[in-house]
Amino acid sequence: MDNSVDQMLNEYRARLHWDRREYKAALGHATAAADEALTKEDITGYWRMTLLLAECQMELGLIQEFAASTKKLSESSALQGDQAMVARAKVLYSRALESLGHIGESLVVAQEAAAIELNEPSDTVDEIEMLHGLVAALAESDQGAEAWTHALRLASLAGQQDDQHIAGKAYWAVGNVAFLNGDAENGIRFHKLAAENLAPDNDVNTWAFFNKASALARLSAGIADQETLECIERAELANSVTGGSPLMELELSTARAQWLVSNNGAEEAVACVQQILDQRELLPEHLLADVEYVAALALHDLGRNDEALAAAVHSEKVFIAHGGRRRALEVRSVIDSINAGSH
């Protein structure tokens, strides 16, 4: 069988598995189709499949690989004639950068994507994708008012969507912005709409990521109630069902430790944090900074202020270096609290 037929079959199977939310299988076929397209110098086919395999990597939480694929796509000279594809590649690259904690770079790329004038009016899904990246980057960069303006447009588009998966992810992004802006009421409302659209039987991977993100957003807003704990537990369950990544487990353990600090469990939280730090080689720098932030909270509660201060100072440095101004400010308030208590 020549590789033209192979390519067509692999592309067909990749899209079939993608539509069924079977991302591992879709990734395998998209990779094969991309390789075959490259062999026969079908540049359009190659980039089309590279875009799909990048989206599979994102859904599977393979963030380093996702970032590498989308960087390559967004910088490719072969794409420059197709503005819609360049915009889509930049949106995905922006989201990869945000996931890796590179907030400043993420915002620059998201704004580049938003500034691209498309040759023809983009469809709703393209606009949702573009806004999704932009609102996340703006909110994390502490530009909450501008993020909310775009988030309201995103919510309006989500309401017009027939595809529940796309609508759910849009509502999720809107809820995140509300939480980051200190608007817990809208945060809870939009995350509830997201949960209604992102059913676990539809896509367990996304359900795990959503519940983890919802728990983190609630904790960041100071909401450490039973419902927040249930978000953590749902994410843990979904992650174990999918045979999820060790990194996701560590992130969920960090969220659980933060929940414990807020519920008079500082000692248990310190033990939990220590177990996470024993596997620090698995953690990228910005996630290690998250762990150190939680460690600082727990140690400060226990009166171990020298240790708490060392953890907090290092955490703040990392967030500043990554352009995460909002997170740096959160840590700064802990540093101020520790310093005030030691005078």
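**Rings, a helix and two cysteines**

Mentor: The charged end of Arg189 sits over the ring of Phe190, 4.5 Å from its centre. Keep in mind that this is a predicted model.

Trainee: What makes the charged end of Arg327 count as sitting over the ring of Tyr293?

Mentor: Part of the test is a distance within 6 Å of the ring centre. The charged end of Arg327 is 5.3 Å from the centre of the Tyr293 ring, and it is listed as sitting over that ring.

Trainee: Let's turn to ring pairs. How many aromatic pairs are there?

Mentor: The count comes to six.

Trainee: Why is the pair of Tyr171 and Phe190 called stacked?

Mentor: Ring centres must lie within 6.5 Å, and planes under 30 degrees apart count as stacked. For Tyr171 and Phe190 the centres are 6.2 Å apart and the planes are at 25 degrees, so the pair is stacked. Tyr171 belongs to helix 9 and Phe190 to helix 10, so this pair ties together parts that are 19 residues apart in sequence. Both residues are buried, and ring pairs link them with Trp148 into a cluster.

Trainee: What makes Trp172 and Phe210 edge-to-face?

Mentor: Here the label needs planes over 60 degrees apart. The planes of Trp172 and Phe210 are at 75 degrees, with centres 5.4 Å apart, so the pair is edge-to-face. The pair links distant parts of the chain, with Trp172 in helix 9 and Phe210 in helix 11, 38 residues apart.

Trainee: How do you know whether Trp172 is buried or exposed?

Mentor: Buried means under 20% relative accessible area. Trp172 has 14%, so it counts as buried. Phe210, at 2%, is buried too.

Trainee: Why is helix 9 described as largely enclosed by the rest of the structure?

Mentor: Of its 17 residues, 13 are buried, so that description follows. Helix 9 runs over residues 164-180 and reaches 24 Å from its first C-alpha to its last, close to the 24 Å expected. At its start, a side-chain oxygen of Asp163 comes to within 2.9 Å of the backbone nitrogen of His165. Just after the helix, Gly182 takes a positive phi of about 80 degrees.

Trainee: One last thing: how do you know that Cys231 and Cys272 are too far for a bond?

Mentor: A disulfide is a covalent bond between the sulfur atoms of two cysteines. The cut-off here is within 2.5 Å. The sulfur of Cys231 is 17 Å from the closest cysteine sulfur, in Cys272, so they are too far for a bond. The structure holds zero disulfides. Cys231 is buried at 5%, and Cys272 counts as buried at 14%.

Terms used
Residues are numbered from 1 along each chain as its sequence is written. This is a predicted model: local features need pLDDT of at least 70, side-chain atom pairs count only at pLDDT 80 or more; totals for chains, interfaces and linings use all residues. Side-chain values use heavy atoms; hydrogens and water are left out. Helices (H or I, at least four residues) and strands (E, at least two) are DSSP runs, numbered from the N terminus. The expected span of a helix is 1.5 Å times one less than its number of residues. Buried means under 20% relative accessible area, exposed over 50%, partly exposed in between (1.4 Å probe, protein chains only). A polar contact is a pair of N or O atoms within 3.5 Å; within protein, one must be able to donate a hydrogen and the other to accept it, and residues adjacent in sequence count only if both atoms are side-chain atoms. A charge sits over a ring if NZ of Lys or CZ of Arg is within 6 Å of the ring centre and within 35 degrees of the ring normal.
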